[in-house]
Amino acid sequence: MFDFFCNLRPVLTKNNCNMRRITFLLLLFCSAAMTSIGGGYQVSLHSTRNIGMGLIGTSLSYDASTIFNNPGGMSFIKDKWSFSGGASLIMARVTFQESGENYQAHLVHELNTPFYVYASYKATNNLSIGLAINTPYGNRLSWGDNWQGRFLIQNLNFKAITVQPSISYKFKDIIGIGVGLVWAYGSVDLNKALPIDYTAGESQLNIKGNTVGFGFNAGLMVHPVKGLSIGLDYRSKITMNVQNANATFTVPAALKGQFPNTQVAVALPLPANLDFGLSYEFNEKFLIGINLCYVFWKQYDSLVFDFKTKTPSLGRTATAALYQNRMIPRLGLQYKINPLVTVRVGGYYDPSPVQTDYLNPQTPSTNEIGLTAGLSVFPFKGFSIDAAFLYLIGMQRTGTYSPENFEGTYSSVFYIPAIGLTYSF
Amino acid sequence: MKKLLFIILSLALFTSCERKISQFNADKGSANFTTYVSVGNSLVAGYADGALYHDGQVNSCPNIIAGQLELAGGGTFVQPMVTSNYGVAAYLGVQPKFVLGYAVDCQGVVGLSPMRSMGAMDPFAPVGYAVNNLGIPGVKSFHLIVPGLATMNPYYTRFATSMTGMVVDEFAKLHPTFFTIQLGDNDVLAYALAGGAYDSITPIPLFYYAMKNVLGAMLATGATGVMANIPEVTSVPYFTTVPYNGLVVTRQSLADTINMAMTTMYHLPFHYVVGPNPFLIADPTSTHPYFKVRQMKQGELVLLSVPQDSMKCMGMGIINAVTHMPYPIPGVYVLTETELAQIKGATAAYNAIIDTMAANRHIGVVDINTTLKALNSQAGIVWDGVHMTSKFVSGGAFSLDGIHLTPRGNAVSANCFIDAINQRFGSTIPYADITDYPGVIFP
């Protein structure tokens with residue numbers, strides 16, 4: 001009674017399944033995602049003063065950060081020159097529990113440092129020009145090389161730096177308009193494992209590339225009555241078309257022909273924003289403001305990778321992202337204790353643009369509540385040292401990235417201290 | 001000092017404050033996993049790549065299940081381990097496992113191909129200890145109630161406690177509290193692997209009688225458990241890799257020549273076109289005076305064991321390159337419509353028996369049939385970013401013998417068992433992590 005399976009002589013040949021026909025479902029992912037502070041991969045840390053008061057800024061025109069938040073407000077800046085610069089430190093703590101399995105993972109602790117530099121110059125009483133350099137999109141995350149979701153993502157570093165020269169004009173101290181051209185430089189570096197085994201382990205893919213993109217920022221600010229300020233700002237979508245990123249495969253020798261190192265084109269949209277802001281100064285000391293920020297996340301529909309060298313295993317892959325547009329309400333308060341010290345508090349709610357069926361560890365996005373506090377110290381007139389702290393709580397969320405059947409629960413918290421300097425004269 | 005304090009404070013900020021999510025809570029429900037015993041054929045034994053070897057056993061479906069059961073009170077799971085990673089010389093002519101390597105075919109084309117590895121196999125010897133995994137390569141359902149099976153099946157000899165007894169006699173000696181049974185596949189598979197030319201399908205009454213006794217003997221020990229159903233042969237790559245119409249005619253002049261030969265010389269009513277054409281197979285029922293052949297029909301299957309060099313260079317499947325006579329594929333390499341209908345009918349009957357028997361005895365059914373069908377679909381099975389299909393080699397789920405699963409395939413199968421266990425006993429056994437288990441290993 002012999003075992004039946006010993007007489008097999010299967011041979012893979014040209015006639016049946018030659019290796020050339022072997023196609024791996026290579027669903028290369030990738031949202032250039034982030035330890036998203038801000039729903040998807042938007043980072044709204046544009047001014048330490050703003051961070052202290054719930055990230056509002058669309059209707060504020062006290063310093064050069066208005067160039068980015070609303071260029072229409074730049075001409076309302078009182079001083080001839082205004083400079084503002086600073087950086088934040090994002091400390092993300094994200095925990096993942098795989099559904100149905102005895103498995104938890106934590107995001108590797110890394111520090112992300114978005115920064116900003118602004119300068120404005122009042123050329124005439126009504127006309128101002130300025131320059132904004134900051135990091136409104138991008139982020140970096142790592143789950144480690146061996147975690148359970150490594151076939152979706154191991155680590156990702158996506159950065160975008162924008163440079164925005166701007167001009168603003170105001171009419172009769174009531175209406176200010178402004179526009180800026182946005183030049184963006186973006187780079188991406190990502191690693192994921194591929195479920196193709198060889199004696200040395202699993203296969204690997206690295207994609208690394210950079211590109212530039214263009215957009216604009218247009219704003220309107222109105223000061224209808226004393227103390228009241230209304231702002232409206234639209235920042236356009238910027239499409240980052242990486243034409244020639246390098247794709248590097250580490251695969252078994254037998255499959256080198258299927259997965260050659262090649263160039264890959266990938267396009268990632270940096271979504272447009274429409275922000276509305278309203279603020280009121282009750283008196284010299286006390287200010288309250290709200291913002292409603294509408295993010296056109298729907299522009300991130302899918303991520304397409306187009307490999308230049310085509311093989312049966314390698315071609316054009318589109319990975320669904322299917323983000324949804326979202327509105328972020330923000331509230332902030334500022335109180336000038338004395339000429340030396342100003343304090344701020346605020347908060348906001350940032351609903352996740354990611355649908356539950358498309359929740360991806362590349363962007364472990366959950367609905368977030370942000371609580372902020374900040375202060376400015378003025379050692380001398382016109383100069384301030386600004387500090388703020390943002391405590392961002394990601395509400396626990398269970399979801400599946402259905403194209404890869406990766407299901408789990410994410411819970412996150414972010415600690416974000418920020419520091420900055422502002423000088424106006 | 002201040003600096004030190006700063007460092008300590010920042011470290012505290014870094015390491016603390018991790019968000020907590022409650023851990024998976026594995027619960028045994030109404031089952032008792034203390035002593036788990038698995039019963040069945042090669043799929044249970046951990047046979048893979050055409051051999052019973054060490055890593056295959058480590059990644060056997062029951063061993064993966066046992067690893068998960070341990071989280072809910074399961075005890076040690078002992079298997080009759082082979083130490084060699086090439087195989088065990090259970091009987092004369094056993095070859096080491098298949099590995100992927102480069103082979104030159106009759107046309108001089110070098111291709112990646114499963115080939116027998118070169119390595120020292122374990123000599124055949126009984127292991128000398130009691131085992132929880134009673135998986136025996138090659139057994140049909142009724143073999144488990146054949147006295148003296150240990151004298152006939154050397155894989156059983158390796159761990160049999162008696163040379164004269166039956167496999168079902170082993171159950172009580174192990175005092176099981178929980179069992180899984182995956183049996184009956186060979187009752188139809190053996191016939192399918194023989195191309196329907198020899199061997200036979202186990203008659204339904206015998207299958208019923210055997211399963212009843214196997215399950216009865218197990219339940220008599222007081223254990224509870226689950227039993228797997230039987231997949232259709234058409235869902236494994238051994239039968240689905242070579243297409244029925246793999247005869248590709250590249251140019252019209254060649255098609256014309258073949259058509260002329262068929263019609264004018266051999267008086268066979270077969271028409272060939274440029275592109276894929278059905279292979280010619282042996283057909284004893286043909287009314288043709290000389291050539292008992294016919295073209296394959298869609299849905300009929302060519303086995304992976306077919307001599308492919310003969311097909312590629314000698315004209316097997318069409319016209320013999322030397323004699324210029326019609327050269328059919330012998331029936332032993334083909335499953336015809338009629339044979340497939342018999343296999344399908346028997347499989348359905350077996351599964352109906354399994355369903356009824358399980359329902360009557362309050363044990364769970366593991367629907368491996370549906371799982372393998374899903375694997376054989378275009379989309380396959382996707383888990384944690386791993387896309388698996390029934391495609392030979394590239395699909396990642398089936399090992400290089402085209403019948404047995406890879407470690408990754410076994411993990412999918414184990415999760416199918418875990419589903420059935422959780423459903424039947426209200427337990428919460430966590431799934432095995434698919435990504436922990438490799439698929440086909442490439443050179």
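This passage describes the domains of chain B, two of its helices and the nonpolar cores in a predicted model.

The domain assignment divides chain B into domain 1 (36-235 + 337-436) and domain 2 (247-278 + 280-328). Taken over C-alpha atoms, the centres of domain 1 and domain 2 of chain B lie 37 Å apart. Where the two touch, domain 1 of chain B contributes 8 residues and domain 2 of chain B contributes 9 residues. On the domain 1 side of this contact, 2 residues are nonpolar, 4 are polar and 2 are charged.

Helix 8 (residues 204-219) of chain B offers a good place to look inside domain 1. With 16 residues at 1.5 Å each, helix 8 of chain B should span 22 Å, and its end C-alpha atoms are indeed 22 Å apart, which agrees. The buried residues in helix 8 of chain B are B:Phe207, B:Ala210, B:Met211, B:Val214, B:Leu215 and B:Met218. They cover an arc of only 120° around the axis, and so they sit on the same side of helix 8 of chain B. Such a pattern suits an α-helix, where there are 3.6 residues a turn, so residues three or four places apart point the same way. In chain B, the partners of these buried residues are strand 1 (36-40), helix 6 (168-173), strand 7 (178-182), helix 7 (186-193), strand 8 (224-228) and helix 12 (337-360).

Helix 12 of chain B passes the same length check: its 24 residues should span 34 Å at 1.5 Å a residue, and the end C-alpha atoms are 34 Å apart. Buried in helix 12 of chain B are B:Glu339, B:Ile343, B:Ala346, B:Thr347, B:Tyr350, B:Ile353, B:Ile354 and B:Ala358. These residues pack against helix 7, helix 8, strand 8, strand 16 (334-335) and strand 17 (364-366) of chain B. After helix 12 of chain B comes B:His362, with a positive phi near 55°.

The nonpolar cores complete the picture. The largest core holds 201 residues, and the members touching the most others are B:Val214, B:Met227, B:Val302 and B:Ile329. Helix 14 (residues 407-425) of chain B supplies the largest share of this core, 9 residues. At least three residues of the core come from each of domain 1 and domain 2 of chain B. Leaving aside residues up to four places away in sequence, B:Met227 touches B:Ile181, B:Leu215, B:Ile354, B:Ala358, B:Ile363, B:Val365 and B:Val366. Apart from the largest core lies another of 12 residues, including A:Ala64, A:Phe83, A:Tyr118 and A:Val222.

Technical notes:
Residues numbered from 1 in each chain as written. Chains lettered and ligands numbered in written order. Predicted model: local features only at pLDDT ≥ 70, side-chain atom pairs only at ≥ 80, totals over all residues. Core = buried A, V, L, I, M, F, W, Y, C linked by C-beta atoms within 7 Å. Buried ≥ 20, exposed ≤ 12 C-beta atoms within 10 Å, placed from the backbone. Helix = DSSP H or I, 4+ residues; strand = E, 2+ residues; numbered from the N terminus. Domains from an automatic or database assignment. Contact = placed C-beta atoms within 7 Å. Expected span 1.5 Å × (residues − 1). Arc of directions from axis to C-beta. Nonpolar A, V, L, I, M, F, W, Y, C, P; charged D, E, K, R; others polar.
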